[in-house]
Amino acid sequence: MYKIGVIPGDGTGSEVIREALKVLEAASEVENFKYELVHYDFGGDRYLATGEILPDSAIEEFRQLDAILLGAIGHPDVKPGILEKGILLKIRFELDQYINLRPVKLYPGVYTPIKDKGPEDIDFVVVRENTEGLYAGAGGFLKKGTPDEVAVQESINTRKGAERCIRYAFEYTRERNKERKLTLCGKTNVLTYAFDLWERTFNEVAKEYPDIKTDYAHVDAICMWFVKNPEWFDVVVTDNMFGDIITDLGAMIQGGMGIAAGGNINPEGVSMFEPIGGSAPKYTGMNVINPLAAISAAQLMLEHLGQKEAGRRIEKAVMKVTSEKLKSLAAGQMGYSTSEVGDMVANLVKEG
Ligand code: IPM
Ligand code: MN
């Protein structure tokens, strides 16, 4: 019996989560696993009504869960940063979800802006460190608001943090068993402290994985290669900031924000899964947003919980819907409503 926390969050979050839960239910019927949902209403509306963002007591409750499914964070009436830091980043940090796992896979029938590349070329995974680097919040202002103002934002890189991320990436590459190739993405030509640590750690850990090929690319170059030769990549490991940037590029080449999902993983603790598309306020309540990213987030969650067969069923169903049904992944242009897409995927999950 899995205990799953559900945070629909802001905007279209609740619409896409509703569809993901539909698919979860279908998967549980055919795969015979049981779960219980615990609903949480954290997000912009609650913050505006009560002033509460995410209390520490909620974090303590989350520790008792098996996983969390998150919809979207970001409210047009709340200053940017408050909810992102107060909810999303707080959960990542407090639950020590040190891996951000982002599959970049072009499904059949999905439009990619990359000419002459297809599903056989675009299928890789980015393992992003999720608790350190520039996201650690180290720094501050001096003489703020004056002409002499100084702002410092430091990238914190620990041996332990880099090593556990790199080790996870090697294990993941082995288990994925495709090209068995892991690429470190960094900036060793300029960030000669941070990525020296990363590169040394990478090379040391690599010795324990003689079956995995290794490679290195600077972050600027990898932006080029993701577009020009995406087929070169199997698994990519990188730090928090670079991972944030290159995974939006990855999302675009796999068809956009309507399809991209990710996991915030603590392999020894509680992990959280989310569509990475944001809250899309202008589409809220219209039943036009694409729920496939949230459905894929539920798939990642089930795979993480060990329900590999349920995950396989969901992915197969999503691929059938992208290849045979949807006109586009864009909100309002799918040819179906949000709930119709959820129904189609749920039915296909039950069929096969
Ligand atoms: C992501 C998002 C977040 C991040 C924001 C919303 C704080 O862009 O998950 O990639 O920067 O990590
Ligand atoms: Mn991002």
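This is a walk through one predicted protein model, from its two domains down to single side chains.

Some ground rules come before the tour. Residues are numbered from 1 along each chain as its sequence is written, and chains are lettered from A and ligands numbered from 1 in the order in which they are written. Since the model is predicted, local features need pLDDT of at least 70 and side-chain atom pairs count only at pLDDT 80 or more, while totals for chains, interfaces and linings use all residues; side-chain values use heavy atoms, with hydrogens and water left out.

Let's start with the overall layout. The domain assignment splits the protein chain into domain 1 (1-97 + 278-352) and domain 2 (112-254); such bounds come from an automatic or database assignment. Taken over C-alpha atoms, the centres of domain 1 and domain 2 sit 25 Å apart. Where the domains touch, 6 residues of domain 1 are in contact with 7 residues of domain 2 (contact means heavy atoms within 4.5 Å). Together the two domains bury about 590 Å² between them, with 45% of that on carbon and sulfur atoms. Buried area here is the accessible area (1.4 Å probe) that two parts lose on being put together, summed over both. On the domain 1 side, R92, F93 and D96 lose the most area to domain 2, and together they make up 66% of what that side buries.

D96 is a good place to stop for a closer look. The count between domain 1 and domain 2 is 1 salt bridge, where a salt bridge is a side-chain nitrogen of Lys or Arg within 4 Å of a carboxyl oxygen of Asp or Glu. The side chains of D96 and R164 meet in a salt bridge, at 2.9 Å from N to O. D96 sits in the loop between α4 (82-94) and β4 (99-105); the helices (H or I, at least four residues) and strands (E, at least two) are DSSP runs, numbered from the N terminus. The backbone of D96 has a phi near 50°, a positive value in a residue other than glycine. D96 counts as partly exposed because its relative accessibility is 27%. For that label, buried means under 20% relative accessible area, exposed means over 50%, and partly exposed is in between (1.4 Å probe, protein chains only).

R180 is another non-glycine residue with a positive phi, of about 55°. R180 lies in the loop between α5 (159-176) and β8 (181-186), and with 23% relative accessibility it is partly exposed.

Back to charged pairs, then. Side chains of opposite charge can pair when their charged atoms come close. A search of the whole structure turns up 29 salt bridges. One of them joins E19 and R18, at 2.7 Å from N to O. The two partners differ in cover: E19 is buried, with a relative accessible area of 0%, whereas R18 is partly exposed at 38%. In the pair formed by R63 and E60, at 3.2 Å from N to O, R63 is partly exposed at 37% and E60 is partly exposed at 44%.

Helix α5 offers a pair with a simple geometric reason behind it. R167 and E163 form a salt bridge at 3.0 Å from N to O. These two residues are 4 apart in helix α5, so about one helical turn separates them. R167 is partly exposed at 26%, and E163 is partly exposed at 22%. The pair belongs to a wider arrangement, as R159, E163, R167, E204 and E208 are linked in a network of salt bridges.

Next comes K325, in the loop between α10 (308-324) and α11 (338-351). K325 is partly exposed, at 38% relative accessibility. Leaving aside neighbours within four places in sequence, K325 is in contact with K320, M334, Y336 and M344. M344 is 19 residues from K325 along the chain, and the C-alpha atoms of the two are separated by 9.1 Å.

The last stop is on the surface, where L142, V150 and V152 form a nonpolar patch with about 240 Å² of accessible area together. Patches are made of residues with over 30% relative accessible area and no salt bridge; like charges are joined within 9 Å, and nonpolar side chains (Val, Leu, Ile, Met, Phe, Trp, Tyr) within 5 Å. The areas come from the Shrake-Rupley method with a 1.4 Å probe, and for residues only the protein chains shown count as cover. L142 lies in strand β6 (residues 133-142) and is exposed, with a relative accessible area of 52%.
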